[in-house]
Amino acid sequence: MSYAGLFIYLLIVLAVIFGSMAMSKSGLNAKVIKNPIAQLYEQLYLFIENMTVGIIGGHGRRYIPMMMTIWLVVFVSNMVSLFFPAAPSGDLSFNIALALVCVGYVQWEGMKANGVFGHFGHFAGPKLGLALIPITLMIFVIEIISEVMKNVSLSLRLFGNIHGGHEAVVKLNEIGAPIYVPLGFFLLPIKFLTCIVQALIFTLLTCVYISLVTHHEEEHGGHDEGHGEMAHAH
C-alpha cells in the first residue's frame, strides 16, 4: 500500500471513530439511554475497565483512556478490511508505528512509576554482586532485546492475521471466478472474529506490559497505606 493510500484509510478510520463518538452523545441526558451507539460504547468501556483493572490492578483505571484508544484504532482498522480491498492494520509500517507508540508509552509509564534509573535498572535483574557483573550485563542486554522485540511481536501478529485473511479472500475469489461464486465471502465470519480477537490481543498485551513495569508502584502504595493504617492505629 502506498503512503497516500494508507493516509486515506487512516482518515476513514478516524472518521468512523470520531463520527461514532459524536453520535453516541445523542440522548445521554435521558433517564434511560436508548441510543444503540451509546450503549455499545458503554459496554466497551465496561469491558476495557474490567480488563485494565483485572490485569494491571487497582491503579489500572488511569490507563482506560489509552486502552480505549488502542482498542478503537486497532478494531476499526481491522474492520476496514471487511469492506475495502486494504486496511491500515494490513500494512506493516502502520502496525510497527502503532507498536512503537504502545511500547514507548509502556516505557514512559515505567519511568514515571520507578524513576529512570529504577526502570532501566530493573532490566539488570537481581543484584548479584561485583563478581557476577558479566551475568548482570548479560541479563540487561537480553532484557533490552526482549523489550525491543515486543514491537516486532505486536506488529507482525496483527499484520499476519489481517493481511493473511485478506490474501485468503482474494485467492478464494480467484478460484471461484470461473463459476462466478465469490468463495472469499464465506470467510467473512472468520475475518470478523479475527478483527475482534486481534484488537483484544493487542490491547491485552499492552495491559500486561504496563502491569510488568508499574506493579511496584501499587506494591509501594499498598505498603505505604499499610504503614499509614498502622500509624493511625498507634
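1. Aromatic pairs. Two rings of Phe, Tyr or Trp (for Trp, the six-membered ring) count as a pair if their centres lie within 6.5 Å. On that basis this structure, which is a predicted model, holds six aromatic pairs. Take F47 and W71 as a worked case: the ring centres are 5.6 Å apart and the planes sit at 65°, and since an angle over 60 degrees counts as edge-to-face, that is the label for this pair. F47 and W71 also bring together distant parts of the chain, with F47 in helix α2 (residues 36-56), W71 in helix α3 (residues 64-83), and their positions 24 residues apart.

2. How covered are those two rings? W71 is buried, because its relative accessible area of 8% falls under the 20% limit. F47 is partly exposed, at 34%. Ring pairs also bring in F75, so that F47, W71 and F75 form a cluster.

3. A second pair, F185 and F186. The centres of these rings are 6.2 Å apart and the planes are at 75°, so this pair is edge-to-face too. Both F185 and F186 are exposed.

4. A charge over a ring. If you're looking at Y209, check what lies over its face: K150 is there, at 4.3 Å from the ring centre.

5. Overall fold. The protein chain is built from seven helices and has zero strands, so going along the sequence you just read α-α-α-α-α-α-α. Is the chain compact or spread out? Its radius of gyration is 22 Å, whereas the globule rule gives 17 Å for 234 residues; the chain is well over that value and therefore more spread out than a compact globule. The C-alpha trace spans about 80 × 55 × 30 Å along its principal axes.

6. Burial, surface and contacts. Of the 234 residues, 35% count as buried. The accessible surface comes to about 13800 Å², and carbon and sulfur atoms account for 74% of that. Among contacts between residues at least 6 apart in sequence, 69% join residues at least 24 apart.

7. The largest nonpolar core. This core has 37 residues, and the ones that touch the most other members are L44, I48, V74, L154, F202 and I210. At least two core residues come from each of α1 (3-24), α2, α3, α4 (92-114), α6 and α7. Which helix gives the most? That's α3, with nine residues. For a look at one member, go to I48: leaving out residues up to four places away in sequence, I48 touches I64, M67, M68, W71 and T203. W71 is the buried ring from the pair with F47.

8. S77, a buried serine. S77 lies in helix α3. With a relative accessibility of 0%, S77 counts as buried. Setting aside neighbours within four places in sequence, S77 is in contact with V13, L72, A87, P88, S89 and F94.

9. One backbone angle to look at. Most residues other than glycine have a negative phi. Y180 has a positive value, with phi near 60°. Where does Y180 lie? Y180 is in the loop between α6 (133-176) and α7 (188-233). Y180 counts as exposed, because its relative accessibility of 77% is over the 50% limit.

Terms used. Residues numbered from 1 in each chain as written. Predicted model: local features only at pLDDT ≥ 70, side-chain atom pairs only at ≥ 80, totals over all residues. Heavy atoms only, no water. Helix = DSSP H or I, 4+ residues; strand = E, 2+ residues; numbered from the N terminus. Buried < 20%, exposed > 50% of the residue type's maximum accessible area, 1.4 Å probe, protein only. Phe/Tyr/Trp six-rings, centres within 6.5 Å; stacked < 30°, edge-to-face > 60°. Lys NZ or Arg CZ within 6 Å of the ring centre and 35° of its normal. Rg over C-alpha atoms; globule rule 2.2 N^0.38 Å. Contact = heavy atoms within 4.5 Å. Areas by Shrake-Rupley, 256 points an atom, 1.4 Å probe, with all protein chains shown as cover. Core = buried A, V, L, I, M, F, W, Y, C linked by side-chain atoms within 4.5 Å.
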